[in-house]
Amino acid sequence: MTDERMLHPGAPSEELLADEPVDATVLDSDLVYEGRVWDVRSDTVAYGGGQMVRQYVEHPGAAAVVAVDDEDRVLLIQQYRHPIRHRDWEIPAGLLDIDGETPLETARRELAEEVDLVASSWEPLVSIFTTPGGNDEVVHLFLARGLTPANEVHAREDEEADIRLEWLPLADAVAGILAGRLRNGILAVGLLAAAERLRAAAGSSGA
């Protein structure tokens with residue numbers, strides 16, 4: 001019997017799809033590598049009537065910021081990322097590596113430390129699994145508006161020492177994502193979510 005939703009992909013579903021947590025039994029877990037920022041683990045898991053071994057990066061998680069000014073320009077940063085051998089365009093982001101700090105507090109801190117800005121308005125956008133087959137990282141994305149310079153300029157080193165900043169119309173940045181010129185995953189999700197949030201807000205205010 002054919003599912004009507006396969007014939008009509010746009011047809012509404014009876015229930016909203018959502019990711020489902022699974023409490024799979026971990027029979028054994030080994031720390032394969034202890035890194036400066038994250039670790040690598042190898043787990044033996046009971047699943048589906050059998051066992052499987054999976055290696056993955058154990059990640060503290062992160063927060064990222066879509067900073068949009070009063071002209072609907074988004075702040076992009078470019079820095080060198082060694083694993084991909086690119087200076088890719090990104091949005092301000094940082095690890096959840098301070099005990100007791102919430103994702104929003106991390107987002108505020110990273111906006112100040114990476115680009116010397118503070119924001120008067122903060123909205124949660126989405127939270128995403130970045131690479132669910134290879135790590136357990138969750139990134140929490142926020143929309144920041146009401147931007148003003150921070151009280152102090154932060155010193156930067158390593159990849160951040162030659163960081164480049166650009167203000168780009170949000171619509172142009174979204175076009176760059178869809179054209180394949182901007183390929184950072186967190187940037188793509190954040191900008192698309194922000195564009196939809198601002199579009200919806202503009203529609204409701206004009207109704």
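This is a chat about the fold, the salt bridges and a few single residues of a predicted model.

Trainee: Okay, how many helices and strands are there in the protein chain?
Mentor: Four helices and ten strands. Keep in mind that this is a predicted model.

Trainee: And in what order do the elements run from the N terminus on?
Mentor: They go α-β-β-β-β-β-β-β-α-β-β-β-α-α.

Trainee: How do S1 and S2 pair?
Mentor: They pair in the antiparallel sense, over eight bridges. The two strands form a hairpin, and four residues sit between them.

Trainee: Which residue in S2 does Thr25 stand opposite?
Mentor: That's Ala46.

Trainee: Switching to salt bridges. What does the count come to?
Mentor: Twelve. One of them joins the side chains of Glu58 and Arg41, at 3.7 Å from N to O. Glu58 is in strand S3 and Arg41 in strand S2, 17 residues apart, and the pair links distant parts of the chain.

Trainee: Is Arg41 buried or exposed?
Mentor: Arg41 counts as buried, because its relative accessibility is 18% and the cut-off for buried is under 20%. Its partner Glu58 has a relative accessible area of 30%, so Glu58 is partly exposed.

Trainee: Which helix holds Arg197, the partner of Glu123?
Mentor: Let me start with the contact: Glu123 and Arg197 form a salt bridge, with their closest N and O atoms 2.9 Å apart. Arg197 is in helix H4 and Glu123 in strand S8, 74 residues apart. Glu123 is partly exposed, with a relative accessible area of 29%, and Arg197 is partly exposed with 29% as well.

Trainee: Which residues are linked in a network of salt bridges?
Mentor: Asp97, Glu101, Arg109, Glu110 and Glu113. Within that group, the side chains of Glu101 and Arg109 meet at 2.8 Å, N to O, and both of these residues are buried.

Trainee: New topic: what forms the negative surface patch?
Mentor: Glu14, Glu15, Asp19 and Glu20 form it. Take Glu14: you'll find it in the loop between helix H1 and strand S1.

Trainee: Why does Glu14 count as exposed?
Mentor: Because its relative accessibility is 87%, and exposed means over 50%.

Trainee: Last thing: what's up with the phi of Asp116?
Mentor: The phi is positive, about 60°, although Asp116 is not a glycine. Asp116 lies in the loop between helix H2 and strand S8. Asp72 also has a positive phi, near 60°, and its loop is between strands S4 and S5.

Trainee: How do they do on burial?
Mentor: Asp116 is buried at 15% relative accessible area, whereas Asp72 is partly exposed at 39%.

Methods:
Residues are numbered from 1 along each chain as its sequence is written. This is a predicted model: local features need pLDDT of at least 70, side-chain atom pairs count only at pLDDT 80 or more; totals for chains, interfaces and linings use all residues. Side-chain values use heavy atoms; hydrogens and water are left out. Patches are made of residues with over 30% relative accessible area and no salt bridge: like charges are joined within 9 Å, nonpolar side chains (Val, Leu, Ile, Met, Phe, Trp, Tyr) within 5 Å. Accessible areas come from the Shrake-Rupley method with a 1.4 Å probe; for residues, only the protein chains shown count as cover. A salt bridge is a side-chain nitrogen of Lys or Arg within 4 Å of a carboxyl oxygen of Asp or Glu. Lys and Arg count as positive and Asp and Glu as negative; His and the chain ends are not counted. The place of a charge is taken as NZ of Lys, CZ of Arg, CG of Asp or CD of Glu. Buried means under 20% relative accessible area, exposed over 50%, partly exposed in between (1.4 Å probe, protein chains only). Two strands pair if DSSP finds at least two bridges between them.
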